[in-house]
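The following exercises concern one protein model. Each task is followed by a solution that proceeds step by step.

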Amino acid sequence: MDELRKIDLNLLLALHALLSEKHVTRAALRLHRSQPAVSHALAQLRKHFDDPLLVRQGGGMALTARAQSLVKPLQDALTHLNGLLATPQFDPARAQRRFRLSLSDYSSRIILPPLLRHLRQIAPGVDLAISQASRETMLAQLLDGELDLALGLFPELPQDITAQPLFADHFISVADRQVLPASGSLALTDWLARPHVLMAMRPDAFDEIERALAASGLRRRIALALPHWSAAVEVLAGTDLILTVASRAVGSLRQHKTLRQFTPPLTIPSFDYQQAWHSRKDSDPGHHWLRETVWACSQPGR
């Protein structure tokens with residue numbers, strides 16, 4: 001780095017033009033500078049390299065041996081420097097890249113089908129590696145660089161982790177219609193008296209529903225805790241179990257004709273489902289494209 005301090009980097013552009021054109025006037029035109037300015041630059045370069053660089057030969061100018069040795073290293077250095085300073089680009093149609101995502105059954109069901117359709121059409125060389133983990137584990141993996149993107153609910157974010165809302169959702173309760181009253185819903189005392197299904201990666205998870213209950217000094221009995229959204233719906237038929245989940249997790253119940261959804265008899269705040277990433281990815285154009293694509297594919301109606 002000491003040698004860089006001894007030279008104006010603009011002189012390297014002048015040197016590149018002079019070595020390419022082998023002519024001061026043409027180098028000046030190429031650089032959009034005056035001929036005297038380029039002649040002055042050549043004098044400075046000759047002094048710096050202690051070499052004439054360009055010498056008269058016949059009716060023109062020729063490169064000295066020292067100048068010839070500078071041509072390729074100078075071209076490579078300027079190319080790398082230009083790439084460093086240029087705005088990075090990402091072309092999804094030509095990209096060959098693998099992204100690591102962590103998301104639950106819930107978001108897999110909502111986002112992956114439209115996302116994969118989009119990738120196969122627009123970015124066929126982009127691959128996804130999907131994993132599933134608790135929110136604590138996902139955040140730790142983002143911090144450690146093991147994940148590119150995590151999807152979930154992140155009420156508290158560590159430093160250097162950014163989260164963006166993808167869509168809003170709310171909670172519903174689902175049960176076998178045979179064990180519900182004619183009204184199709186339950187009062188709070190009856191709802192609390194029933195056995196419940198907890199959808200979580202860990203059986204002791206303190207999720208948004210448990211927080212809402214705790215805020216009112218209430219508790220419910222968890223008869224089944226499991227991490228699989230689809231199975232959580234399947235186990236309800238023919239039982240007295242109650243499942244309370246995000247509405248988009250259930251989707252249409254037309255294929256589950258014995259089940260009925262109803263509004264939970266306590267206030268559970270709606271939520272923003274989010275995508276989270278480490279700030280080290282902010283300047284990565286491919287990651288920026290991925291975030292925009294995930295957002296678009298997560299919107300209702302996709």
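**Exercise 1. Backbone geometry in a loop**

Where is the place of L53?

Solution. The model is predicted, so local features are used only at a pLDDT of at least 70 and side-chain atom pairs only at pLDDT 80 or more, while totals for chains, interfaces and linings use all residues. Residues are numbered from 1 along each chain as its sequence is written, and side-chain values use heavy atoms, with hydrogens and water left out.

Step 1. L53 is placed in the loop between helix 3 and strand 1. Helices (H or I, at least four residues) and strands (E, at least two) are DSSP runs, numbered from the N terminus.

Step 2. D50 is found in the loop between helix 3 (35-49) and strand 1 (54-57).

Step 3. Most residues other than glycine have a negative phi. D50, although not a glycine, has a positive phi of about 55 degrees. For L53, likewise a residue other than glycine, phi is positive and near 65 degrees.

Step 4. Accessibility is classed as buried (under 20% relative accessible area), exposed (over 50%) or partly exposed (in between), with a 1.4 Å probe and protein chains only. D50 is exposed at 69% relative accessibility, whereas L53 is buried at 1%.

**Exercise 2. Salt bridges**

Determine how many salt bridges the structure holds, and describe those of E21 and R220.

Solution. Step 1. A salt bridge is a side-chain nitrogen of Lys or Arg within 4 Å of a carboxyl oxygen of Asp or Glu. The structure holds nine of them.

Step 2. E21 forms a salt bridge with R26, the closest N and O atoms being 3.5 Å apart. The side chain of E21 also meets that of R30, at 3.1 Å from N to O. E21, R26 and R30 are thereby linked in a network of salt bridges.

Step 3. The members of this network are partly exposed: E21 has a relative accessible area of 23%, R26 has 40%, and R30 has 39%.

Step 4. R220 and E210 meet in a salt bridge of 2.6 Å, N to O. R220 lies in the loop between helix 8 (208-215) and strand 9 (221-226) and E210 in helix 8, so the pair ties together parts that are 10 residues apart in sequence. R220 is buried at 8% relative accessibility, and E210 is buried at 13%.

Step 5. Contact means heavy atoms within 4.5 Å. Not counting residues up to four places away in sequence, R220 touches ten listed partners, including W191, H196, D207, E210 and T244.

**Exercise 3. Domains and nonpolar cores**

Which domains does the assignment give, and which residues of the largest nonpolar core touch the most other members?

Solution. Step 1. The chain is assigned domain 1 (9-85), domain 2 (95-168 + 272-298) and domain 3 (171-269); such bounds come from an automatic or database domain assignment. The centres of domain 2 and domain 3, taken over C-alpha atoms, are separated by 27 Å. Their contact takes 13 residues from domain 2 and 13 residues from domain 3.

Step 2. A nonpolar core is a set of buried Ala, Val, Leu, Ile, Met, Phe, Trp, Tyr and Cys residues joined through side-chain atoms within 4.5 Å. The largest core has 53 residues, of which Y106, I111, L151, W191, L243, Y273 and V294 touch the most other members. Helix 5 (residues 105-122) supplies the largest share of this core, six residues. At least three residues come from each of domain 2 and domain 3.

Step 3. Another core, of 22 residues, lies apart from the largest one and has A14, A27, L42 and L45 among them.

Step 4. Leaving aside neighbours within four places in sequence, Y106 is in contact with residues including F167, W229, A246, F271 and Y273.

**Exercise 4. The largest pocket**

Which residues lie nearest the centre of the largest pocket?

Solution. Step 1. On a 1 Å grid over the protein atoms alone, a pocket is an open set of points where a 1.4 Å probe fits, with protein on both sides within 12 Å along at least five of seven lines; lining residues have an atom within 4 Å of a point.

Step 2. Of the 36 lining residues, R135, M199, A200, D207 and E208 lie nearest the centre.

Step 3. Helix 6 gives the largest share of the lining, four residues. Elements that each supply at least two residues include helix 6 (135-144), strand 8 (195-199) and helix 8.
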